[in-house]
Amino acid sequence: MVRISEDLIRRRAEHNNGEIFSLEEVSLHQQDIERIEHIDKWCRDLKILYLQNNLIPKIENVGRLKKLEYLNLALNNIEVIENLEGCESLQKLDLTVNFVGKLSSVESLKQNVLLRELYLVGNPCTEFHGYRQYVMACLPQLQWLDGKEIRRGERIQALQELDAVRRHVLEHEAEYLEKREEQKRSGLKETIEKLLSENQNGTHQNPESSSKAHTEDKEKEFWEKPCPFTPESRLEAHRHLEDKRRVKEKEREKPKTKTPRTLITADGRVLNINEPKLDFSLTEDENNCMHLEIHVYRHMDTSLLDVDVQPTYVRVTVKGKVFQLVLSAEVKPDSSTAQRSQTTGHLLLILPLAHGEIKPKKPIARPTSVTSKHNIKKGTREAPGRELLEVDPGLAGSLANIVPKGKESSHKPLQLSQPHQCCVVEERPVSKDFVDDPEVPPLM
């Protein structure tokens with residue numbers, strides 16, 4: 001139940017600097033108020049009072065508002081017009097869509113001599129035969145009824161037929177009041193039966209499982225069940241909505257236990273995750289380094305980034321959201337670097353490969369007439385693009401016969417450097433045909 005408090009009125013009196021004693025207008029509509037109270041003590045100078053769309057069942061505690069000119073009580077649960085005799089300045093009264101069934105109670109407004117407008121649209125009394133004629137005849141000061149002007153000829157005719165109209169109105173009123181009492185008894189009976197069924201279900205079933213299983217069915221049954229439009233049904237619908245609102249608020253207040261995201265499975269398999277939904281690119285340069293560029297937000301502070309480089313994966317936390325990428329090769333975490341671009345704000349990770357030594361291409365062996373595969377020493381590396389000539393040690397002595405005998409050569413004789421340790425020159429016996437030519441230098 002919402003009560004009218006001093007704090008509530010002060011909050012509604014912002015245009016009056018929060019002062020309520022001199023307040024002339026206050027709006028308390030749609031506050032779920034169920035009783036009018038305190039206003040006649042705190043706001044004696046009030047001229048306009050808005051109380052529409054609440055749950056007020058009775059007009060009370062407004063008799064001391066001598067300056068009140070307009071009272072709006074539309075969309076409430078009022079059944080009787082009463083307690084307005086003290087509102088000497090009342091000019092307009094709005095009781096649209098209430099439950100006024102006792103039409104004879106309108107005669108209590110005779111003392112409000114300044115009353116000019118009255119609204120009773122949507123009340124049960126408007127369905128009585130002779131309703132308009134009866135109100136016009138009872139309230140001669142009225143000029144407008146339900147937004148329609150009262151003409152002089154219409155009022156004269158209503159005064160002439162007042163006795164007959166009053167008789168019809170009282171008959172309809174008695175029927176309605178009897179029907180209303182029956183509605184109250186049936187409503188009370190349904191409420192008791194509902195409470196008993198809920199208690200029985202609560203003793204045999206778990207409330208949580210039962211409520212979860214039947215919430216939608218009960219909700220559908222509640223709104224589709226036919227019921228008369230009464231103050232009780234309106235109050236029940238309001239409380240039903242209020243209960244739902246409270247349940248939702250409790251659910252919001254509960255700390256949300258977010259299931260932790262699985263980054264590494266139980267069997268040790270690392271998963272690829274992109275919670276912040278960032279674009280990225282992974283390339284490999286000629287220096288055997290991987291370049292991982294993550295397109296983080298340009299104006300985001302670097303303190304909101306957390307980088308963790310592991311040998312087989314990279315994990316970057318961006319504002320609490322995880323970006324994790326499995327690498328295709330093992331890298332060196334200690335030698336890795338991270339930097340941000342000053343123009344784009346992108347994060348660049350340089351990840352050296354763990355097995356990133358440069359391996360030259362194997363040279364292509366070309367066949368020669370002098371060398372063969374079995375003459376190449378094991379472990380000897382050839383320079384790429386260059387042919388190596390290796391001489392068999394057994395052929396070293398025949399190098400002297402490169403220049404044929406008896407033929408002069410314009411070229412200088414071939415001089416050999418001292419043989420390597422691996423090459424041994426064998427001595428041969430001097431041939432009989434050998435002629436020692438002094439012009440030919442000896443072999444060293």
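Okay, a bit of vocabulary to begin: two strands pair if DSSP finds at least two bridges between them. I want that on the table before I show you a pair that has exactly that. And keep in mind throughout that this is a predicted model.

So, the pair. Strand S6, residues 144–145, and S7 run antiparallel to each other and are joined over two bridges. One of the residues to click on is Trp144, whose bridge partner in S7 is Glu149.

Now zoom out from there. Those strands sit in an open sheet of seven, and the order is S1-S2-S3-S4-S5-S6-S7. The pairing in this sheet is mixed. Which strands are at the edges? They're S1 and S7, the latter covering 148–149, and each of them pairs on one side only.

There's another sheet to look at. This one is open too, with four strands in the order S9-S10-S15-S14, and here the pairing is antiparallel. S9, at 280–284, and S14, at 337–340, are the edge strands, each with a pairing on one side only. If you like numbers for the twist, the average is 15° from one strand to the next. In the middle of that order, S10 (residues 289–294) and S15 (residues 347–352) run antiparallel with six bridges joining them. Pick Met290 and you'll find Leu351 of S15 standing opposite.

Right, on to the cores. As general background, nonpolar side chains in soluble globular proteins tend to be buried together. In this model the largest nonpolar core has 53 residues. The members that touch the most others are Ile39, Leu73, Leu84, Leu93, Leu109, Leu118 and Val135. Where does the helical part come from? Elements giving two or more residues are H1 (6–11), H3 (131–138) and H5 (162–204). Of the elements, H3 gives the most, with six residues.

Let me stay with Ile39 for a second. If you ignore neighbours within four places in sequence, Ile39 is in contact with Ile4, Ile9, Leu28, Leu46, Leu49 and Leu65. There's also a second core, separate from that one, with 19 residues, including Leu292, Val314, Val316 and Leu327.

Since H3 came up, let's look at how it packs against H4, residues 152–160. Two packed helices are described by the angle between their axes and the distance between the axes. For H3 and H4, the axes come within 8 Å and cross at roughly 95°. Anything from 65 to 115 degrees counts as roughly perpendicular, so that's the label for H3 against H4. On the H3 side, the residues at the meeting point are Arg132, Gln133, Met136 and Ala137, and on the H4 side they're Glu154, Arg155, Ala158 and Leu159.

While you have Ala137 selected, try Asp163 as well. The two are 26 residues apart in sequence, and their C-alpha atoms are 10.0 Å apart in space. Asp163 belongs to helix H5. Buried or exposed? Exposed, because the relative accessible area of Asp163 is 60%.

Last topic, charges. The model has 15 salt bridges, and I've picked three.

First up is Glu60 with Arg35, at 3.4 Å, N to O. This one links distant parts of the chain, 25 residues apart: Glu60 is in the loop between S2 (48–50) and S3 (70–72), while Arg35 is in the loop between S1 (25–27) and H2 (39–42). The two ends sit in different surroundings, too: Glu60 has 17% relative accessibility, so it counts as buried, whereas Arg35 is partly exposed at 37%.

Next, Lys67 with Asp45, at 3.2 Å, N to O. Lys67 is in the loop between S2 and S3 and Asp45 in the loop between H2 and S2, so this bridge ties together parts 22 residues apart in sequence. Lys67 is partly exposed at 40% relative accessibility, and Asp45 is also partly exposed, at 26%.

Finally, Glu249 and Arg245, at 2.5 Å, N to O. Both are in helix H7, residues 231–253, and they're four residues apart, about one turn of the helix. Glu249 is partly exposed at 32%, and Arg245 is partly exposed at 37%. This pair isn't isolated either: salt bridges with shared partners join Glu242, Arg245, Arg246 and Glu249 into one network.

That's my tour, thanks.

Note on methods. Residues are numbered from 1 along each chain as its sequence is written. This is a predicted model: local features need pLDDT of at least 70, side-chain atom pairs count only at pLDDT 80 or more; totals for chains, interfaces and linings use all residues. Side-chain values use heavy atoms; hydrogens and water are left out. A nonpolar core is a set of buried Ala, Val, Leu, Ile, Met, Phe, Trp, Tyr and Cys residues joined through side-chain atoms within 4.5 Å. Buried means under 20% relative accessible area, exposed over 50%, partly exposed in between (1.4 Å probe, protein chains only). Contact means heavy atoms within 4.5 Å. A salt bridge is a side-chain nitrogen of Lys or Arg within 4 Å of a carboxyl oxygen of Asp or Glu. Axes are lines fitted to C-alpha atoms, for helices over the stretch in contact, and angles run from 0 to 180 degrees between N-to-C directions. Angles under 35 degrees count as roughly parallel, over 145 as roughly antiparallel, 65 to 115 as roughly perpendicular and the rest as oblique.
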